[in-house]
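Please open the structure in your viewer and keep the sequence beside it, so that each selection can be found in both places. The tour moves from one selection to the next.

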Amino acid sequence: MTADVYPFKPEDLFDISISITNSVKDVGRVVYDISSKPPATIEWE
């Protein structure tokens, strides 16, 4: 079993990133991990 990547449109990712960085204090960058992984390892490494 793996976790598949959701096919966001690039402009949607851009808008989401801007929204998060502008509204959450101390957040300067948002990343979207596109690798497929087993469910037990779905976390930032």
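The stops below say what to select and what is there.

This is a predicted model, in which local features need pLDDT of at least 70 and side-chain atom pairs count only at pLDDT 80 or more, while totals for chains, interfaces and linings use all residues. Residues are numbered from 1 along each chain as its sequence is written, and side-chain values use heavy atoms, with hydrogens and water left out.

Begin by selecting Val5, which sits in the segment before helix 1 (10-23); helices (H or I, at least four residues) are DSSP runs, numbered from the N terminus. Val5 counts as partly exposed because its relative accessibility is 34%, where buried means under 20% relative accessible area, exposed over 50% and partly exposed in between (1.4 Å probe, protein chains only).

Keep Val5 selected and add Tyr32, Ile34 and Ser35, which Val5 touches when residues up to four places away in sequence are not counted; contact here means heavy atoms within 4.5 Å. Then add Asp33, which is 28 residues from Val5 in sequence and, C-alpha to C-alpha, 8.2 Å from Val5 in space.

Which segment holds Ile34? Ile34 lies in the segment after helix 1, and with a relative accessible area of 58% Ile34 is exposed.

Next, turn to the rings, where the structure holds two aromatic pairs. Rings of Phe, Tyr and Trp (its six-membered ring) pair if their centres lie within 6.5 Å, and planes under 30 degrees apart count as stacked, over 60 as edge-to-face and the rest as tilted. Select Tyr6 and Phe8, whose ring centres are 4.8 Å apart and whose planes stand at 65 degrees, so the pair is edge-to-face. Tyr6 counts as exposed, at 54% relative accessibility, whereas Phe8 is partly exposed, with a relative accessible area of 33%.

Now keep Phe8 and add Tyr32: their ring centres are 5.3 Å apart and their planes are at 80 degrees, so this pair is also edge-to-face. The pair links distant parts of the chain, with Phe8 in the segment before helix 1 and Tyr32 in the segment after helix 1, 24 residues apart. Tyr32 counts as partly exposed, at 35% relative accessibility.

As a last selection, show Tyr6, Phe8 and Tyr32 together, since ring pairs link these residues into a cluster.

Key. Helices (H or I, at least four residues) and strands (E, at least two) are DSSP runs, numbered from the N terminus.
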